[in-house]
Amino acid sequence: MTTDRPNNRTNYHSHCSFCDGKAPMEDFVEEAVRQGFAAYGISSHAPLPFPARWTLEAERMAAYLAEIDRLKAAYADRIELYAGLEIDYLNEQSNPASDYFQKLPLDYRIGSVHLIESRGKYVDIDTDAETFAENLRLHFGDDLRKLVTDYFDKLMRMVSTGGFDFVGHADKIVYNASRCQPDIAEQPWYRQKIREYFETIARHGAMVEINTKKYHAGGVFFPNRSHFRLLRELRIPVLVNSDAHLPQTIDSGRREALAALQEAGIDTVMQLTGGRWQPTKIDLAAY
């Protein structure tokens, strides 16, 4: 395999038509090769213990893994490909550390929270702003502080349970929460909660992705760039992913995220090289 590709051009958070992505897996791989990526990972939404329109079905897991293996062999001389899953932390029984997910032949696992439990129901908080506001009213009595606190508490339980390589879109709830309360991220209780959350991540040695999915649409990263100096202070390793659902977005916002990390005093990102996570110096000259 050649080694003259631009540095830092990787993506490990990517969804294809096996879940809610909008194109076949190979289309993403072909685009990554075209753009000169060093490595690329497919990370479909993992099966849940109940039907969901946006997840990989358990019955298709074997086909999903077989397709990644086929592409690994077909593109071996052009790019490093990796098999991943984005796994929801639901509860103590269903989470990234569960036996089912740990026994799958994956190269890496993403730990994420998309659903919050309320009165025995799982409520989607990673949705459009209007649905979020409706769910907040119907299921949480318009108590935004409680919902956000429950979200971070659940993430901290996920971090303590482990079983994953990095945290996906670490504070994404603030994107919708700030549409209900524009100053929420500046409120003292929120700042205290976010510090507690990142301190938990640092204590357990997990990595955090800088998720660029909403950068071009909303000018934000997850976690927010205002937290980058805290990541540096706590020495939390980071990587940059675009959370791509379309092949044309596999590199969306990456250069801007790398520049923002450098501005915050972070000069390396984590990359899979030969199947191992390694720190790699940020090289904006490659862009």
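**Reading a predicted chain, feature by feature**

Modeller: Let's start with R145, which sits in helix α5 (residues 144–161). Helices here are DSSP runs of H or I with at least four residues, strands are runs of E with at least two, and both are numbered from the N terminus. This is a predicted model, so local features need pLDDT of at least 70, side-chain atom pairs count only at pLDDT 80 or more, and totals for chains, interfaces and linings use all residues. Residues are numbered from 1 along each chain as its sequence is written, and side-chain values use heavy atoms, with hydrogens and water left out.

Colleague: Is R145 buried or exposed?

Modeller: Buried means under 20% relative accessible area, exposed means over 50%, and partly exposed is in between (1.4 Å probe, protein chains only). R145 has 48%, so it is partly exposed. R145 also lies 27 Å from W54, C-alpha to C-alpha, with their places 91 residues apart in sequence.

Colleague: How many helices and strands does the chain have?

Modeller: Ten helices and eleven strands. For overall size, take the radius of gyration over C-alpha atoms and hold it against the globule rule, 2.2 Å times the number of residues to the power 0.38. Here the radius is 18 Å, close to the 19 Å that the rule gives for 287 residues, so the chain is as compact as a globular protein of that length. The C-alpha trace spans about 55 × 45 × 35 Å along its principal axes, and 55% of the 287 residues count as buried.

Colleague: What do the contacts say about sequence separation?

Modeller: A contact means heavy atoms within 4.5 Å. Among contacts between residues at least 6 apart in sequence, 72% join residues at least 24 apart. For a single residue, try S252, in the loop between β9 (238–241) and α10 (254–263). Leaving aside neighbours within four places in sequence, S252 touches T212, H216 and S242. S252 counts as buried, at 17% relative accessibility.

Colleague: Which aromatic pair should I look at, and how are its rings arranged?

Modeller: Rings of Phe, Tyr and Trp (its six-membered ring) pair if their centres lie within 6.5 Å; planes under 30 degrees apart count as stacked, over 60 as edge-to-face and the rest as tilted. The whole structure has 18 aromatic pairs. Take Y108 and W277: their centres are 6.3 Å apart and their planes at 80 degrees, so they are edge-to-face. This pair links distant parts of the chain, with Y108 in strand β4 (residues 108–112) and W277 in strand β11 (residues 276–281), 169 residues apart. Y108 is buried, at 0% relative accessibility. Elsewhere, ring pairs link Y151, F152, W189, Y190, Y197 and F198 into a cluster.

Colleague: Which backbone angles deserve a look?

Modeller: Most residues other than glycine have a negative phi, and most peptide bonds are trans. R119 is not a glycine, yet its phi is positive, about 50 degrees. D243 is another non-glycine residue with a positive phi, near 55 degrees.

Colleague: Where do R119 and D243 lie?

Modeller: R119 is in the loop between β5 (115–118) and β6 (121–124), and it is exposed at 68% relative accessible area. D243 is in the loop between β9 and α10, and it is buried at 4%.

Colleague: Which residues does the cis peptide bond join?

Modeller: F222 and P223, with omega about 0 degrees. You'll find P223 in the loop between α8 (215–218) and α9 (228–233).
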